[in-house]
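I opened the notebook today for a slow walk through one model. My plan was to follow sheets, helix contacts and a few odd backbone angles, and to write down what turned up.

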Amino acid sequence: MSGRDLFCQPRRMRRGAALTLVFTSVLVAGAATGSLPGTEREPAPGPSRASVPAARPDEVRDAAARALADGTSPLEAAERAVSRSGDRWDAVYSQGEYEEFEDALDGAYTGVGLRARRERDGRIEVTRVAPGSPAAGAGIRAGDRLRSVDGHPVDGRPVTEVVSLLRGDATDAPAGTPVRLGLERGTRVWSVTLRRARLSTDTVTVRTLPDGNTLIKIGAFTKGTGDTVRAAVRRAPRGGGIILDLRGNSGGLVTEAVTTASAFLDGGLVATYDVEGEQQALHAESGGDTERPLVALVDGGTMSAAELLTGALQDRGRAVVVGSRTFGKGSVQMPSRLPDGSVAELTVGHYRTPSGRGVDGRGITPDLEADEDALRRAGTVLTGLGG
């Protein structure tokens, strides 16, 4: 299993959400996750998938090949074959979608540089504009309302659909193609045409808190995330602790999650996983910081590779986990190229934490439950640990 294996979103979310990947609030990437790379605590609510028959790669490829020979859609045939497994993590992507998926995991995307959310009344509000992006150059600001994309009203649409419009997914629009936005700020209503650009994702943010502790927020595990975290740990003020914020982290590259674990562990087991019955293990590199007090913040949006990291730090006694139960996505997907260039991501196994806990369908229960006050509680815990 390679480091490019991905934890994917349910098939029903495939268009837009799945390939918009791990950056849930970025209007260039939405909510899927990475793969590869499980807890015998009380299971979280949700269906068990242990008895679901897996879709076999050769069956899906054969279905796509027959459709291609018959002059019908190989992608649709593959989707029908995948749907028969009942596994919500199996998915089929067009060639263009999968390329965008891989680009996002490489830390880059094509877009205009907006983050947004849908308000309760259905309006789409800009929450952040990336510095140096086309949106920033056009003077768009946080708080502006996005009314339309290329003439399509966006009020009431899921953010993932707005993402798809901004990216030009329907036409596989490359960087340099225009996109016209309708905007509103107070009483001002205007339109502006931007050109999509290749932008880099900032998935790790670091700041020193007033109490001297360091907050490291990881939005997703993309290429380079692990090295960025290790550098942040080395630069953290002496005498302070670290809060590793994994809330809303829906996964990414497992190799990067393992590298991140290496920042806090001196070698040893991070996780085990099985692929079609064959057991494998993931190990941290030696030389990590094992002395500095550490708290991991998690919630229901903490998924897949982020759960793998959380489970390792918890099982190894390296971190106190604060927050709410994680999502519970611990299955392993492998990509399979189809005759028309599309790609099927199929479940081939599951991973387990160092102590042998299964995550899939259960999630990870924090050591200390917390909700809105999770960050404050984390700081209190660090104080007790000597941070």
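Below are my entries, grouped by the part of the chain I was looking at.

**Entry 1: the sheet**

I noted at the outset that this is a predicted model. I began with the strands and found an open sheet of 6 strands, in the order 10-11-12-15-16-19 and with mixed pairing. I then looked for its edges, which are strand 10 (204-208) and strand 19 (368-369), each pairing on one side only.

Next I followed the strands inward from strand 10. Strand 11 (residues 214-218) runs antiparallel to strand 10, and I found 5 bridges joining the two. I checked for facing residues here and wrote down Thr208 opposite Thr214 in strand 11. I also looked at how the chain gets from one strand to the other: strand 10 and strand 11 form a hairpin with 5 residues between them. In that turn I picked out Gly212, with a positive phi of about 90 degrees.

On to the next neighbour. In which sense do strand 11 and strand 12 pair, parallel or antiparallel? I found the parallel sense, over 4 bridges. For a landmark I took Ile216, which stands opposite Leu244 in strand 12. I also looked at how covered strand 11 is, and 4 of its 5 residues are buried.

**Entry 2: helix 7 against the sheet**

I turned to helix 7 (residues 225-235) and listed its buried residues: Thr225, Gly226, Val229, Ala231, Ala232 and Val233. What do these residues pack against? I found strand 10, strand 11, strand 12 (242-245) and helix 8. That gave me a handy route from the sheet to the next helix pair.

**Entry 3: helix 8 and helix 9**

I looked up how helix 8 (residues 254-262) sits against helix 9 (residues 305-315). The two pack at an angle of about 25 degrees, with their axes 9 Å apart. Angles under 35 degrees count as roughly parallel, so I put helix 8 and helix 9 down as roughly parallel to each other. I noted the crossing of helix 8 past helix 9 as right-handed.

I then listed who makes the contact. Helix 8 brings Val254, Ala257, Thr260 and Ala261, while helix 9 brings Ala305, Leu308 and Leu309. Sorted by class, that contact has 6 nonpolar residues, 1 polar and no charged ones.

Helix 9 deserved a second look for its covering, since I had its contact residues in view. I counted 10 of its 11 residues as buried. Among them are Glu307, Thr310 and Gln314, along with Leu308, Leu309 and Leu313. Just past the helix I met Gly317, whose phi is positive, near 70 degrees.

**Entry 4: helix 2 and helix 3**

I moved back toward the start of the chain for another helix pair. Helix 2 and helix 3 (residues 74-83) pack at an angle of about 145 degrees, and their axes are 8 Å apart. I recorded this crossing as right-handed.

Which residues meet here? From helix 2 I wrote down Val60, Ala63, Ala64, Ala67 and Leu68, and from helix 3 Pro74, Ala77, Ala78, Ala81 and Val82. By class I found 10 nonpolar residues in this contact, with no polar and no charged ones.

Leu68 caught my eye, so I stayed with it. Its place is in helix 2 (residues 57-70). Is Leu68 buried, partly exposed or exposed? Its relative accessibility is 46%, and buried means under 20% while exposed means over 50%, so Leu68 counts as partly exposed. Leaving out residues up to four places away in sequence, I found that Leu68 touches Pro74 and Pro339. Pro339 is 271 residues away along the chain, yet the C-alpha atoms of Leu68 and Pro339 are separated by 7.7 Å.

**Entry 5: two aspartates with positive phi**

Last, I looked up two backbone angles. Asp150 has a phi near 50 degrees, a positive value in a residue other than glycine. I located Asp150 in the loop between strand 5 (145-149) and strand 6 (152-153). With 39% relative accessibility, Asp150 counts as partly exposed.

Asp172 has a positive phi of about 50 degrees, and it is not a glycine either. I found Asp172 in the loop between helix 6 (159-167) and strand 7 (178-185). At 49% relative accessibility, Asp172 counts as partly exposed.

Terms used
Residues numbered from 1 in each chain as written. Predicted model: local features only at pLDDT ≥ 70, side-chain atom pairs only at ≥ 80, totals over all residues. Heavy atoms only, no water. Pairing = 2+ DSSP bridges. Axes fitted to C-alpha atoms, helices over the stretch in contact; angles between N-to-C directions. Parallel < 35°, antiparallel > 145°, perpendicular 65-115°, else oblique. Left-handed = near helix turned anticlockwise from the far one by under 90°. Contact = heavy atoms within 4.5 Å. Nonpolar A, V, L, I, M, F, W, Y, C, P; charged D, E, K, R; others polar. Buried < 20%, exposed > 50% of the residue type's maximum accessible area, 1.4 Å probe, protein only.
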